[in-house]
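Me: Please explain the terms used to describe the structure below, and set each value against its definition.

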Amino acid sequence: MTKLHDQGLLKNSSYWHGEWHRSNTHFNITNPASGEVIAKVADASAADAEQAVAAAHAAFADWAARPAAERSQLLMRWQQLLLDHQDDLGLLLTLEQGKPLAEAKGEIAYGASYLQWFAEEAKRVYGDTIPAKAANQRIMVLKQPVGVVAAITPWNFPNAMIARKAAAALAAGCTFVVKPAQLTPLSALALAELAHRAGIPAGVFNVIAGTDAAAIGEVLTQDARVAKFSFTGSTNIGKQLAKQCAGTVKRVSLELGGNAPFIVFADADLDAAVDGLMASKFRNAGQTCVCTNRVLVQQSVIAAFTEKLQQAISKLKIGDGTRDNVDIGPLISEDACAKVDKLLQAALKQGAKLHCGGKRQSADSLFYLPTLLSDITAEMDITQQEIFGPVVALQSFSEEAEAIARANATEFGLAAYFYSRDIGRIWRVAEGLQYGMVGINEGLISNPAAPFGGVKQSGYGREGSKYGLADYLDTKYLCLGGLDR
Ligand code: NAP
């Protein structure tokens, strides 16, 4: 594997109670661009997960009792270390996940931005006083950390999905245990190394890297010492984990799958819409939960839009993410490639038209060519399922109301996008879309100041912003009486 400037960031075992823990068995981490094994990581077990929970539980009282300013300072130190090591962390992320280096470094900066945001917010956890009914009473409201937080995260943002949960949890005064995806644990372990260097106390931030997701997941969702569970991943697994949490009535946040519509109205700036779609569709080779999945273009502009789009797609450079100027890396796995191909072949059989791409770069690689399809219909699987690959699927519509109805015709409700310059339409469509997040003349909308999250079967809870912090706080009501005696 390419040498990091700081080899100490390449860790190969789980971290809890401020220490690295070995295991008798190991699993391979593979570079999806080359198939090369880049690391072997100790395979943590359910028993290890229990120990990590115990460590987080033991550390909670001290961490929660520290002044917010002190927690804030430690988070700031952690974020600075992420930025100081952005090149190494980016490279590690590209090697295990595949996204182009510039995007990977962008993810490190994005993850760090959550640490910074919540370090600042930690100092602004305000309570409340409420006028009491009786003259001899006072009503006060305290905000307190919920306790130990457990999290499970996916492979598509190996740094940022963890950083944005941990930042809010630690800022609120909670302690944290995370199980990263088994395909991409190296970024999570590097985060633990930097937390250690930043001086985050033992037991406050813990990482369990292992392959038995179900068994580790059972501990994290069923251990009564865990007060809150936060999951980012697929809707099916999220539903199952939420059920597992019910037995101990945990607070649960779910950031699940999406099926984002991208609507282009005839009055839109078409060049801006193409730019927005390229950003929203092709980031991480189309493997993000907020990636555009369905593109709805008003009939009168679909020909012009398709031509501009095809030109933009033809400029994309596909290749190993560590090479210069690459826009699109490999998909994460053979299964991911096969799924994209299956959706595409089925759409073609049902009448879709292929403009470019439509296959892997070579039969044995995980590089899927940027693809443009048109004549897509609402019934096709490619419309109803998350594509999670670099495939644009265009359909046309005639009326505004039809576009809104079709955009909403899904069980998902994470992100939606639309382009229009008509202010009346902007309000009607923004209010009519049943989504947690709506990009209006914007294709990239995620940032730490804003509440990220979905509605319907895309989940509940928010990450980022003051709403994200509230998810890690309990509200306690104090009634102070007897003031007249
Ligand atoms: P996934 O299969 O649900 O895996 C996500 C995480 O869950 C991984 O850590 C995985 O562990 C773990 N897991 C799998 N089965 C489990 C079980 N039975 N018990 C406990 N944990 C289990 O999802 P994915 O394919 O990796 O990620 C892609 C999905 O995530 C997409 O649907 C995407 O839209 C969604 N996503 C949502 C957001 C959001 O914010 N809404 C952000 C990013 C991604 P292993 O890796 O060990 O299998």
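Reply: A polar contact is a pair of N or O atoms within 3.5 Å; within protein, one atom must be able to donate a hydrogen and the other to accept it, and residues adjacent in sequence count only if both atoms are side-chain atoms. The model is predicted, so local features need pLDDT of at least 70 and side-chain atom pairs pLDDT 80 or more, while totals for chains, interfaces and linings use all residues. Residues are numbered from 1 along each chain as its sequence is written, and side-chain values use heavy atoms, without hydrogens and water.

Me: What makes the approach of R164 to the ligand a polar contact?

Reply: A polar side-chain atom of R164 is 3.4 Å from a ligand oxygen atom, which meets the limit of 3.5 Å. The backbone contributes as well: a polar backbone atom of T153 is 2.7 Å from an oxygen atom of the ligand, and a backbone N or O atom of L256 is 2.7 Å from a ligand nitrogen atom. The protein covers 86% of the 910 Å² of accessible area that the ligand has on its own, by the Shrake-Rupley method with a 1.4 Å probe.

Me: Where does the ligand sit, and how is that decided?

Reply: The ligand sits in the largest pocket, which means that more than half of its atoms lie within 2 Å of the pocket's grid points. A pocket is an open set of points, on a 1 Å grid over the protein atoms alone, with protein on both sides within 12 Å along at least five of seven lines. Elements giving two or more residues to the shell around the ligand are α5 (160-172), α7 (213-222), β10 (226-232) and α8 (235-246); helices (H or I, at least four residues) and strands (E, at least two) are DSSP runs, numbered from the N terminus.

Me: Why are β6 and β20 called paired?

Reply: Pairing requires that DSSP find at least two bridges between two strands. Eight bridges join the antiparallel strands β6 and β20, so the condition is met. P145 stands opposite L473 in β20. Three bridges join β5 to β6 (residues 138-145), also antiparallel, and I130 faces I139 in β6.

Me: What makes β14 and β18 edge strands?

Reply: The open sheet of seven strands has mixed pairing and the order β14-β15-β16-β13-β12-β17-β18. β14 (353-356) and β18 (437-440) each have a single partner strand, so one side of each lacks a neighbour in the sheet. Neighbouring strands are turned by 20° against each other on average, direction ignored; axes are lines fitted to C-alpha atoms (for helices, over the stretch in contact), and angles run from 0 to 180 degrees between N-to-C directions.

Note on methods. 1 Å grid on protein atoms, 1.4 Å probe; cavity = no way out; pocket = protein on both sides within 12 Å on 5 of 7 lines; lining within 4 Å.
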